[in-house]
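Good morning, and thank you for joining this short presentation. I would ask everyone to have the structure open while I speak.

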Amino acid sequence: MKRQVSYKWRLREVMAAHGMFTISDLVEPLVDRGINLSVSQVHRLATGTPERLSLPVLAALCDIFACTPADLIATKAETAAVRKTATDDGVVNLNAVRPKRARLRPES
């Protein structure tokens, strides 16, 4: 059974809940915590979904908004559908579909 995981980046929602409606409102609090990002980098951080995020930036965001990483990153995991085979038991018998000439071992 395979699990498929996904996540939702919620920084913009957290910013709005704390009265921050512009990207420039976030630049100064980050600088106060030693995170020097340009306005365009903060814009991408707030409006996009980052695939990589440094722990110092995450820690600074959690400190700014007095929240936990779980408040910024909503995760979701669900069971992925398993692909069915023709035999429907998950095991494919290649000898049943391979011509006799292609078999490596002689039949007993």
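I shall discuss the salt bridges and then one pair of packed helices.

Please bear in mind that this is a predicted model. Let me begin with the charged side chains. How many salt bridges does a search of the whole structure find? The search returns 3.

Two of these involve Glu 13, and I shall take them in turn. The side chain of Lys 8 meets that of Glu 13 in a salt bridge, with a distance of 3.1 Å from N to O. Arg 10 forms a salt bridge with Glu 13 as well, and here the closest N and O atoms are 3.0 Å apart. Lys 8, Arg 10 and Glu 13 are thus joined in a network of salt bridges.

Are these residues buried or exposed? Each falls in between. Lys 8 is partly exposed, its relative accessible area being 46%. Glu 13 is partly exposed too, at 36%, and Arg 10 also counts as partly exposed, with 26% relative accessibility.

I turn now to the remaining pair. Asp 63 and Arg 33 form a salt bridge whose closest N and O atoms lie 2.6 Å apart. Where do the two partners sit? Asp 63 belongs to helix α4, which covers residues 55–65, whereas Arg 33 lies in the loop between α2 (24–32) and α3 (39–47). The pair therefore ties together parts that are 30 residues apart in sequence. As for accessibility, Asp 63 counts as partly exposed at 48%, and Arg 33 is partly exposed at 35%.

Helix α4 brings me to my second topic. Two packed helices are described by the angle between their axes and by the distance between those axes. For α2 and α4, the axes come within 10 Å and cross at roughly 110°. Helix α2 is therefore roughly perpendicular to α4.

Which residues make this contact? From α2 there are Leu 26, Pro 29 and Leu 30. From α4 there are Ala 60, Leu 61, Ile 64 and Phe 65. In character, the residues of the contact divide into 7 nonpolar, no polar and no charged.

To close, I would leave you with two images: the network of Lys 8, Arg 10 and Glu 13, and the nonpolar contact of α2 with α4. Thank you for your attention.

Terms used:
Residues numbered from 1 in each chain as written. Predicted model: local features only at pLDDT ≥ 70, side-chain atom pairs only at ≥ 80, totals over all residues. Heavy atoms only, no water. Salt bridge = Lys/Arg side-chain N within 4 Å of Asp/Glu carboxyl O. Buried < 20%, exposed > 50% of the residue type's maximum accessible area, 1.4 Å probe, protein only. Helix = DSSP H or I, 4+ residues; strand = E, 2+ residues; numbered from the N terminus. Axes fitted to C-alpha atoms, helices over the stretch in contact; angles between N-to-C directions. Parallel < 35°, antiparallel > 145°, perpendicular 65-115°, else oblique. Contact = heavy atoms within 4.5 Å. Nonpolar A, V, L, I, M, F, W, Y, C, P; charged D, E, K, R; others polar.
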